[in-house]
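Colleague: Please take a close look at the salt bridges in this model and tell me how the charged pairs are placed. After that, go on to how the copies and the domains are arranged.

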There are 2 protein chains.
Amino acid sequence: MKKHEEQFLEYLSRKKLKNTSQRMIILKAFLRQKSHLSTEDFYLQLRKKHPGIGYATVHRTLKLFSECGIASERNFGDGQMRFEVSLDNEHHDHLVCTDCGRIIEFEDPQIEKLQLEIAQKHDFVIKDHRLELYGLCGDCQATA
Amino acid sequence: MKKHEEQFLEYLSRKKLKNTSQRMIILKAFLRQKSHLSTEDFYLQLRKKHPGIGYATVHRTLKLFSECGIASERNFGDGQMRFEVSLDNEHHDHLVCTDCGRIIEFEDPQIEKLQLEIAQKHDFVIKDHRLELYGLCGDCQATA
DNA sequence: CGATAAATTGAAATCCGTTTTCAAAATCGT
DNA sequence: ACGATTTTGAAAACGGATTTCAATTTATCG
Ligand SMILES: [Mn+2]
Ligand SMILES: [Mn+2]
Ligand SMILES: [Zn+2]
Ligand SMILES: [Zn+2]
């Protein structure tokens, strides 16, 4: 987990950006966070300990994390941007419970391979992709 | 293509909604449309022939189409809602060119099957899913 | 150290697509 | 045609993301 911090600091100096207390606080909170939080939720969380830090700063800093590669932006179609820590250059996709919001991550090399084949067949070069499976988690099937 | 019209009319009467000239005009334009248009683009298109019809009505009517099953809402992550005619209950996914916006549809039974297996493994019941491959189409690779 | 230029901050304003409001108009069963 | 109900279009409201701006903080250099 030290790698993320280094990567961010390196990005700051490379871009001639400044290292501020707010940025360090947000970074630490972000790395400790339960993932897939919306900007708003993350901000509300952070505000408990650090009421002085503004929403704009949180928003801007999360964008920085994304730019420098330590965070991934996610969009689960609910109109909120979400962020998660990105580990190395691992990729994963998501199961999303539409009832309780639970999110399960998965990785499937077979699907990834099939995606590449499809792209080739249509003369596409893939830069990115999103796969999300929406449904009910075990708990919510019981409740329903 | 008559089926869509019937399905919409049936939905209207079932929900005790009224059949208006605007709704019929929008329906015809929608069925004739080049797919994956945003509400805004569809509205601008429609307005050329029917300047009297308001954006709100177009928006509400597209929602109706979606509710009654003759349209599918799509969200390609650019902050615009898009609509397309849904054929029978066929499902398909999308290749999206991030340069020129070209959209290619595809279907892959193997991927669908693997998705089901993943869901089972995590005790999920899938209701819906989205798979989008973002990249460059053949033309745009050349240009770049 | 200071001084200074440059970057950052937080609050508020703005943006932009979506959705709602509301009074006037249209629909449709009778 | 009547009257209850629904629909319409313009404008306002909404909600999240982004920008503005004056005040503050940071980093660099003498
Ligand atoms: Mn994740
Ligand atoms: Mn399509
Ligand atoms: Zn659940
Ligand atoms: Zn292209």
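Modeller: In this predicted model, Arg14(A) is joined to Glu10(A) by a salt bridge, with 3.4 Å between the closest N and O atoms. Both residues belong to helix H1 (residues 2–14) of chain A, and because they are four residues apart there, about one helical turn separates them. Arg14(A) is exposed, at a relative accessible area of 52%. Its partner Glu10(A) is partly exposed, with a relative accessibility of 45%.

A second pair in chain A has another setting. Arg130(A) and Glu132(A) form a salt bridge in which the closest N and O atoms are 2.9 Å apart. Here Arg130(A) is buried, with 12% relative accessibility. Glu132(A) is buried too, and its relative accessible area is 4%. Buried stands for a value under 20%, so both 12% and 4% fall in that class.

In chain B, a salt bridge links the side chains of Lys63(B) and Glu73(B), with an N to O distance of 3.7 Å. Lys63(B) is in helix H4 (residues 55–68) of chain B and Glu73(B) is in strand E2 (residues 71–75) of chain B, so this pair ties together parts that are 10 residues apart in sequence. Lys63(B) is partly exposed, its relative accessible area being 28%. Glu73(B) is likewise partly exposed, at 35% relative accessibility.

Some of these bridges share partners. Arg130(A), Glu132(A), Arg130(B) and Glu132(B) are joined in this way into one network. The buried pair described above, Arg130(A) and Glu132(A), therefore belongs to a network with residues of both chains. Over all chains, the count is 16 salt bridges.

As for the copies, chain A is superposed on chain B by a rotation of 180° with 0.0 Å of shift along the axis, and the RMSD is 0.1 Å. The two copies are thus related as by a two-fold rotation axis. Within chain A, Leu131(A) has the C-alpha nearest that axis, at 2.2 Å. In sequence numbering, Leu131(A) falls between the bridge partners Arg130(A) and Glu132(A). The two copies use the same surface: 97% of the contact residues of chain A recur in chain B.

Now the domains within one chain. Chain A is divided into domain 1 (2–85) and domain 2 (93–143). By these bounds, the bridge of Arg14(A) with Glu10(A) lies in domain 1 of chain A, whereas that of Arg130(A) with Glu132(A) lies in domain 2 of chain A. Between domain 1 of chain A and domain 2 of chain A, the count is zero salt bridges. There are, however, five residue pairs in polar contact across that interface, with both residues at pLDDT 80 or more.

The C-alpha centres of domain 1 of chain A and domain 2 of chain A are 25 Å apart. Six residues of domain 1 of chain A touch seven residues of domain 2 of chain A. Together the two domains of chain A bury about 530 Å², and 55% of this is on carbon and sulfur atoms. On the side of domain 1 of chain A, His36(A), Asn75(A) and Phe76(A) supply 81% of the area buried against domain 2 of chain A, more than any other three residues.

Terms used
Residues numbered from 1 in each chain as written. Chains lettered and ligands numbered in written order. Predicted model: local features only at pLDDT ≥ 70, side-chain atom pairs only at ≥ 80, totals over all residues. Heavy atoms only, no water. Salt bridge = Lys/Arg side-chain N within 4 Å of Asp/Glu carboxyl O. Helix = DSSP H or I, 4+ residues; strand = E, 2+ residues; numbered from the N terminus. Buried < 20%, exposed > 50% of the residue type's maximum accessible area, 1.4 Å probe, protein only. Least-squares fit on C-alpha atoms with pLDDT ≥ 70 in both. Contact = heavy atoms within 4.5 Å. Domains from an automatic or database assignment. Buried area = accessible area lost by both parts, 1.4 Å probe. Polar contact = N/O pair within 3.5 Å; in protein donor to acceptor, adjacent residues only side chain to side chain.
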